[in-house]
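Let's take a walk through this model together, one piece at a time. Keep the 3D view open as you read and look for each part when it comes up.

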Amino acid sequence: MGAVIAHRFRCIAAILCVSLGFAQSAAAAQSVLSAVLSPTQITVGQSAELTVKTLGAGLEAVVLPSVAGLELRIVEQTHHLEMVHGASLGTTTTRVRVTPLAAGVYSLPGLTPSAQPLVLRVSVDDTIGKAPAKSATRAAPARSSVGEPVHLSADGAAFLRLTLPKHEVFVGESVPVEIELGLRPGFVNSLNGLPTLTSADFTLNNLSRQPLRSERVVDGVGFAVLTWHSVIAPVRPGTFTLSVESPITIRQRLRPESEAKLEDQLGDPFLQNIYGKTVKKDIKLASAPVELEVLALPTEGRPATFSGAVGSFRIASELVPDTAAAGDPLSLRMRISGSGNFDRVDSAMLEHLDQWKTYPPKSTFAGSDTVGYQGEKRFEQALIASRPGSATLPPLSFSFFDPVARRYATVTSAALQVTITPAPGDPSAPVPPGPTTQGSSVTGSAAGSPGAMTGGLRPDHAVSESGVRTLRPLVLQAPFLAGSAVLMVGFAAALWRVRRGAGDAADGERRRLRRLSALQRALAAGEAAAQEQDSRAFCVAARELLDAQRASLPNGHRLPPQSQELELLVDAQRYAAAPPIAVDWPRWLETLRGAAGAGEPA
Amino acid sequence: MRLCGLAVIGFVLCGVAPPLRAASGDPAPALSAASLYNEGNAYARAGKPGLAVLNYERARVLAPADPDIAANLAIVRGAARVSATIPGRMTRLLLLASPNVYAWMGLLGGVLTGAGVVALAATRRWRPAAFVTIVTGTLGVAIAVANVIVWWPTLHAAVIITPEAAVRAAPAPMSDALFSLHEAQIVRIEAEHEGFWLVRTNDDRSGWVAVANLARIVP
C-alpha cells in the first residue's frame, strides 16, 4: 500500500516538475521540429532514447525538461543540411538518453506547444536470472549501444565505430551491425577502401553501396560521418574480439597536439591548414574491439528438416487457384518472413504427393531492409492433380533455431483445400467418390474434424471372417516354436537311429571276421598237432573249436555225438595223465574239422 | 522313421491345434489386414495420423505387399510431415508375403532338410535326390531367417500417437525434456522402466517417453 502511495506521489511530482520545466523551455522550444521517444516501455536498468530535431545550424543545447525520477543526458548531436525549394535549411538532431531511476509511468512534456506529452512506462525487470525474454531482447536493436564512447584516432582526425546489438550470438546467426566512420574535414585526405572485419571467424555481407552521410559533434569537434549497415555471421563457436578497420589517408599535423588547440578553434578547414603545417600519411583506422561470444547450436531437439536457419520466422501458404481441372497446373506458394539468415532458409516443399505430380520449387527473396536481414522468402511449386475430386494438401512446415528462445522451432502452415474438376472432354475421368458411395469415406465422414484427411485415401477393403489372434509372427509364437523343435528332435533321433544301426552291422561283421580268423588259426594248430602227434596241443585247439561250436548252437541244443566224444577226450586229456587219442588221429582230426565248420560265425 | 512320424503328430497337436481352436469359437478378436487397414482409414479421416499410421503398419505386418496400405500410409505420413525409410530391393523381395507365410516356408524347408539328411544317412540309393532336397530345404530356411531379420525392427518399433511427445532425459515425469517427437513418428524401443520407454529415433537420438504417448506396432 505504501509503495502505491509513494508511486502516485512520484507521478504527481513528476507532472508538476514537467509543467514547470515546460514553462521554462517554452521560449527555447520555438525551433523544435519533432521529438520522438523510443522505446516507450522499458524496465528498470534500461534506457530509452529521446531524439529531438531542431531547426537551425547552431549546435546550441536543447533545453531539456526536468522530470523527477528521470535522468536525461545528451549523448550526441548531429547537424544536417537540407535543400528545401532551393534554400538551405540546417537541422540539428539531438539524441538524449533517458534513464529511469525507479519503476513507474513518466510523462515528458511535448517540446513544442502543440505536441502531445511523451509517456514512458517503466516496469520492474523480472527477467533477472531467467532466460532472456523474447520481447526484451527483440526490443533492443542496434540502438542499445547508445552512449558508447567514440574512440578517435591518435591525432583526432577520424574515428571508426562498430555497433552490435548484442554480444552473445549463435553460430550462423545473422547479426545486423552498424559501422560509422567519422572524418574530420580538412584532416582526412581520402578514404582508400571500405571498412573490413579484422577477424576471419566472421563473414561480413556486402556493405551498403551508398553510406548514409551525416554530421556529428564529438568532444566539441565536428565530423562528417559515413554510416554503413550490414550483417555479420559467426562461423564457429568461441569467444572473439571483433573490430573493423578502414584504410584512410590523413593530414597529420607536425605541431604537437598541445599546441594545436588554436587550430581546433578554427572551424574552417582552410584556415586550419593555413595556420598549421600537415603531411599526408596512410593509416589503417581501427574501431574499438568488441567482445562477442559465439555459442554452438544445440544438437538436442534439432528437427530433421532443420537447414541451418537461425532467426525468427513466420510461415504462410496459399494455393492459386483453389479450383482447377485435372491436368491443369496449380501454384503452391509458401512465404517465410521474419528476420535472420535467409540464405539458409530452404524447403523442399512437397516432394511427393499421391495422385499429384510435383515439380521442384523455386525461391525468391524480397528484403525489407538494405542488408537482407529482414524480409520474406517465397517458395513457389507447381502441382498438377491427376484425379478430380476434393483434396487437402498437407500443411507445410519450416524448422529454424530461435536464438531468443534458445531452442529449435517449427512453424507449420495450414492445410489447403482444393477442388479438382474433371478435365474437359475426358469422359473417362473417374468421378470423385461421394458421401453415399461405399468407400467414399475419403470425403465423407471427416467434415468438421480439424486436421482430418479428406482426400487421396484409397477406399476401405472388404473384411473377411478369417483372421489371426495376434500380430506376433508365427516364428515367435510358442506353439510354433515347440512344434518345430519337436520336428527337429524327431529328425535328430531318426538320424541317430539310422547311424546307430549302420554302426551295429559293421561291428558284427568285424566280430565275425575276427572269430573266423581265430577258428582258422585253432584248426591250423590242431592239424599241425595231429601231424606231429602232439596230443596236448591238439586238445588245446580242439577245446577252442568245441567252444565255438557250442556257442553257435541255438539255446537247448547239444553238440553232435562225435563232438561230444571229442570233448570227453579233451577233458580226459586235460585232467588225466596219459593221452588216450594217440592211436586214431585221422578220426579225431576229421571230428575237429567238423567242429570248426560248425563253429564258423554266420 | 517312426520317430519322424511321432514328431509330425506332435507338431500338429502343438502348432496347428491352437489356431484351429481359435477359429472354432475362441473369444479373442480376429485381426485381419483389411480390418486394420479400414481402421487406419477411419483414424486418418478423423485427423489422427498417429493412430492411422499405427493401424496401417499393423495391417502391413499381415499384408506387406498390399499397395493400398502403402499408398495411404504415404499420404498420412506426408500430411503429418513424417519421413519414412524406403526399403531396399532385397527387403522388398522379402516383404512379398506375410511373416507367417515365410514361417511356414521355413518349417517346410526344415522338414525337407531333415528328411534329406536322414535319407542320405540311411541309404545311398537316392543320393542325388537327397542332395536336392537338402539344398531346397536349406534355401527355404535361409529365406525364412532373412525375413525374420527384416521384420525384427518392426517388432521393436512404436508409433507416436499423441500430437507431441516429450522425450525426457530420465524415466520420470519431472525429468528434463530433451526434444519432442511428432505424431505418427516411428521410434525404436530399447528398454522399459516404470511407465516409460527408452526410445531411439531414426536420426539416433534417444530418451524416455511416457508409455501413454506411443503404441507398439506389434503388441
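Before we start, one term: two residues are in contact if their C-beta atoms, placed from the backbone, lie within 7 Å. Also keep in mind that what you're looking at is a predicted model.

With that term in hand, try chain B. Among its contacts between residues at least 6 apart in sequence, 60% join residues at least 24 apart. For chain A, the matching share for residues 24 or more positions apart is 69%. So what are the two chains built from? Chain A comes to 8 helices and 29 strands, while chain B has 7 helices and 7 strands. If you read along the sequence of chain B, you'll meet the helices and then the strands, in the pattern α-α-α-α-α-α-α-β-β-β-β-β-β-β. As for burial, 27% of the 602 residues of chain A count as buried, and for the 219 residues of chain B the figure is 40%.

Let's zoom in on a single residue of chain A. Find A:Val52, which sits in strand β3, residues 48-55. Is A:Val52 buried or exposed? Count its surroundings: 21 other C-beta atoms lie within 10 Å, and 20 or more are needed, so A:Val52 is buried. Now look for A:Val96, which is 44 residues away from A:Val52 in sequence. In space, their C-alpha atoms are 7.8 Å apart.

Next up are the sheets of chain A. One of them is an open sheet of 3 strands in the order β2-β7-β6, with mixed pairing. Which strands stand at its edges? They are β2 (41-43) and β6 (104-108); each has a single partner strand, so one side of each is left without a neighbour in the sheet. On average, neighbouring strands here are turned by 25 degrees against each other, ignoring direction. To see the pairing up close, follow β6(A) alongside strand β7 (residues 118-123) of chain A: they run antiparallel and are joined by 5 bridges. One spot to check is A:Ser107, whose bridge partner in β7(A) is A:Val119.

Chain A also has an open sheet of 3 strands in the order β21-β29-β26, and its pairing is mixed. The edge strands are β21 (323-325) and β26 (389-393) of chain A; each has a single partner, so one side of each has no neighbour in the sheet. From one strand to the next, the twist averages 30 degrees. Here β26(A) runs antiparallel to strand β29 (residues 416-421) of chain A, with 5 bridges between them. Look for A:Thr392, which stands opposite A:Gln417 in β29(A).

Now for the helices of chain A. Helix α5 (residues 478-532) and helix α8 (residues 585-598) of chain A pack at an angle of about 180 degrees, and their axes are 10 Å apart. The two are therefore roughly antiparallel to each other. Who makes the contact? From α5(A) it's A:Leu519, A:Leu523, A:Gly526, A:Glu527 and A:Ala530, and from α8(A) it's A:Trp585, A:Leu589, A:Leu592, A:Arg593 and A:Ala596. Sorted by class, these residues are 7 nonpolar, 1 polar and 2 charged.

Then there's the pair α6 (residues 535-552) and α7 (residues 561-575) of chain A, whose axes come within 9 Å and cross at roughly 135 degrees. That angle makes α6(A) oblique to α7(A). The crossing is left-handed. Residues that meet here include A:Cys539 and A:Leu546 in α6(A), and A:Leu566 and A:Val570 in α7(A). By class, this contact has 5 nonpolar, 4 polar and 4 charged residues.

Let's finish in chain B. Its helices α6 (residues 99-122) and α7 (residues 127-155) have axes that come within 7 Å and cross at roughly 150 degrees. That makes α6(B) roughly antiparallel to α7(B). Their crossing is left-handed, and the contact residues divide into 19 nonpolar, 11 polar and 1 charged. Our last stop is a hairpin formed by β5(B) and β6(B), with 5 residues between them. Strands β5 (residues 196-200) and β6 (residues 206-210) of chain B pair in the antiparallel sense over 5 bridges, and B:Arg200 stands opposite B:Ser206 in β6(B). In the turn, look for B:Asp204, which has a positive phi of about 70 degrees.

Terms used. Residues numbered from 1 in each chain as written. Chains lettered and ligands numbered in written order. Predicted model: local features only at pLDDT ≥ 70, side-chain atom pairs only at ≥ 80, totals over all residues. Helix = DSSP H or I, 4+ residues; strand = E, 2+ residues; numbered from the N terminus. Buried ≥ 20, exposed ≤ 12 C-beta atoms within 10 Å, placed from the backbone. Axes fitted to C-alpha atoms, helices over the stretch in contact; angles between N-to-C directions. Parallel < 35°, antiparallel > 145°, perpendicular 65-115°, else oblique. Nonpolar A, V, L, I, M, F, W, Y, C, P; charged D, E, K, R; others polar. Pairing = 2+ DSSP bridges. Left-handed = near helix turned anticlockwise from the far one by under 90°.
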